[in-house]
Amino acid sequence: MIVIAGSIDLDPALRDQALATAGAYIDAALEEPGCRNYEWTADPRVAERIWVYELWDDEASLRFHFENAPYRDMGAHLGRHGITGSQISKFRVDLEEPVYDDTGTPRADFFTASD
């Protein structure tokens, strides 16, 4: 799996409009093969910031996204709303497990992994 996470800063006067009119781009990405999650959310403490979270099955799925219309259209949409900066990273995930164990206790260690 691949996680995309980070932030995009827009003109603060246009951020809410950018989010309100982004549904079609987000929905299109969610329809692509291998896209498990694709979300933009407003930061309630920073007027210009949008948080980005995406979850992809693999590199092929992410490559497909980068090479097709939803990605290009999303970039153009954000550009019309005054991008002033961004910091977005991708992470390869080799293990996934729940935060809480069977007793409901949150665990920082990877308790289901065998050594």
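A salt bridge here is a side-chain nitrogen of Lys or Arg within 4 Å of a carboxyl oxygen of Asp or Glu. Keep that cut-off handy for the first exercises, and remember that the model is predicted.

**Exercise 1.** Decide whether Asp101 and Arg107 form a salt bridge, and state how buried or exposed each one is.

*Solution.*
- Step 1: The N to O separation of these two side chains is 3.2 Å. The limit is 4 Å, so Asp101 and Arg107 do meet in a salt bridge.
- Step 2: Asp101 has 15% relative accessibility and counts as buried, because buried means under 20%.
- Step 3: Arg107, at 30%, counts as partly exposed.
- Step 4: Now widen the view: Asp109 joins Asp101 and Arg107 in a network of salt bridges.

**Exercise 2.** Work out which parts of the chain the salt bridge between Arg49 and Asp9 ties together.

*Solution.*
- Step 1: The closest N and O atoms of Arg49 and Asp9 are 2.7 Å apart, and the two form a salt bridge.
- Step 2: Place each residue: Arg49 belongs to strand 3 and Asp9 to strand 1, so the pair ties together parts that are 40 residues apart in sequence.
- Step 3: Check the surroundings of Asp9: its relative accessibility is 13%, which counts as buried.
- Step 4: For the overall tally, the model has five salt bridges. Another of them joins Arg15 and Asp16 (3.2 Å, N to O), and Arg15 is buried at 9%.

**Exercise 3.** Describe the largest pocket by its volume, its lining and the elements around it.

*Solution.*
- Step 1: Its volume is about 280 Å³.
- Step 2: Of the 16 lining residues, Glu54, Phe66, Tyr71, Met74 and Ile88 lie nearest the centre.
- Step 3: Elements giving two or more residues to this lining include strand 1 (2-9), helix 3 (59-66) and strand 4 (85-92). The largest share, four residues, comes from helix 4.
- Step 4: Sorted by class, the lining has eleven nonpolar, three polar and two charged residues.

**Exercise 4.** Now do the same for the second largest pocket, and find which element gives the most to its lining.

*Solution.*
- Step 1: This pocket has a volume of about 180 Å³.
- Step 2: Its lining includes Ile2, Glu59, Phe66 and Arg92.
- Step 3: Helix 3 gives the most, with four residues.
- Step 4: The lining holds four nonpolar and four charged residues, and no polar ones.

**Exercise 5.** Trace Tyr38 through the largest nonpolar core.

*Solution.*
- Step 1: The core has 18 residues, and Tyr38 is one of those that touch the most other members, along with Trp40 and Met74 among others.
- Step 2: Beyond its neighbours within four places in sequence, Tyr38 contacts residues including Ile26, Trp56, His65 and Met74.

Notes: Residues numbered from 1 in each chain as written. Predicted model: local features only at pLDDT ≥ 70, side-chain atom pairs only at ≥ 80, totals over all residues. Heavy atoms only, no water. 1 Å grid on protein atoms, 1.4 Å probe; cavity = no way out; pocket = protein on both sides within 12 Å on 5 of 7 lines; lining within 4 Å. Points joined across faces, edges and corners; volume = space filled by probe spheres on them. Nonpolar A, V, L, I, M, F, W, Y, C, P; charged D, E, K, R; others polar. Core = buried A, V, L, I, M, F, W, Y, C linked by side-chain atoms within 4.5 Å. Buried < 20%, exposed > 50% of the residue type's maximum accessible area, 1.4 Å probe, protein only. Contact = heavy atoms within 4.5 Å.
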